[in-house]
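Got your viewer open? Let's take a short walk through the chain, one selection at a time.

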Amino acid sequence: MLLWRKEVNVVVQSFSDSHIDAIVSDETGTNGWRFTRVYGQPEAAWREETWRLLWTLSRVSLRFWLCAGDFNEILSQLEKIGAPRPRRQIEEFRACLSYCQLADMGSSGHKFTWCNQRENPYTVRVRLDQVCATLGWRSMFPNARVVTEVARGLDHNPLIINLEADNSQNCKRRQKMFRFEAMWARSPECEDLIQKLWGREVQGDADTRIQQRTQLVREGFIAWDKSSFGHVRRRVKELEMQVEILTKDQVSAADCARRGRIRVS
């Protein structure tokens, strides 16, 4: 699945069960670059199909190309804890990226993106998800950075790609994006609150009234969330801290399995 904001132009070029290839540009249709979302074949015997797909896509354009996803492969034995990966598989992945002129961007945060959450001696942790880019794309976004976040209800840790990362202390913080939480919908108060907020009197034409009512709902839900769900968010933070501790390199296999049992109710 590929989602984008309305101020971004995205034109899908091709897609399959294993990929989505698209051209991304700004509102004016300029400053375009290419993004390919990849899902590598899970079976090693079929992994060559993924590399052939990338070879084919590379013939379209290599200049400004970002390629990311779950490749189901690693670039080094250091990217896995558990039984070693066959060297041939690693070398084939490296050869594919080299042919496509793609280089791993690396990431900060957690080293591994997947854990099988089984007890020792069967625990496996791997960096299966990668973000790779051509030199042209890196030149287009010289400040781009990748962060591996903590998964919440997922079996893979998500990768966050920040195109305009700025580590300076004077960088202004953006307004936090409003997201509708699933836990709100489970509350019997939710529907009544929506009707109450949306039904408030507003002025202006139809578009203006919709914008004003949307803002009222946003502000109302933020206030309701603080008053009614503050304890839930504190518990979420506690669990996220536990997961972060359990995903450090030095944790035991039993701790990795314990991570899988942590759930947010």
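Does S18 count as buried or exposed? Select S18 and have a look, bearing in mind that this is a predicted model. The residue has 17% relative accessibility, and since buried means under 20%, S18 counts as buried. You'll find S18 in the loop between β1 (9-16) and β2 (19-25).

Now show what surrounds S18. Setting aside neighbours within four places in sequence, S18 is in contact with R37, V38, Y39, Q41 and L53. Add T50 too: S18 and T50 are 32 residues apart in sequence, yet their C-alpha atoms are 7.6 Å apart in space.

Next, select helix α1, residues 47-58. With 12 residues at 1.5 Å each, α1 should span 16 Å, and its end C-alpha atoms sit 17 Å apart, which agrees. Colour the buried residues of α1: R47, T50, W51, L54, L57 and S58. They cover an arc of only 125° around the axis, so they lie on the same side of α1. What covers them? The cover includes β1, β2, β3 (33-39), β4 (65-70) and α2.

Last stop: bring up α2, residues 87-99, alongside α1. The two helices pack at an angle of about 10°, with axes 9 Å apart. Angles under 35 degrees count as roughly parallel, and α1 and α2 are therefore roughly parallel to each other. To see where they touch, show R47, W51, L54, W55 and S58 from α1 together with Q89, E92, F93, C96 and Y99 from α2. By class, this contact has six nonpolar, two polar and two charged residues.

Terms used:
Residues numbered from 1 in each chain as written. Predicted model: local features only at pLDDT ≥ 70, side-chain atom pairs only at ≥ 80, totals over all residues. Heavy atoms only, no water. Axes fitted to C-alpha atoms, helices over the stretch in contact; angles between N-to-C directions. Helix = DSSP H or I, 4+ residues; strand = E, 2+ residues; numbered from the N terminus. Parallel < 35°, antiparallel > 145°, perpendicular 65-115°, else oblique. Contact = heavy atoms within 4.5 Å. Nonpolar A, V, L, I, M, F, W, Y, C, P; charged D, E, K, R; others polar. Buried < 20%, exposed > 50% of the residue type's maximum accessible area, 1.4 Å probe, protein only. Expected span 1.5 Å × (residues − 1). Arc of directions from axis to C-beta.
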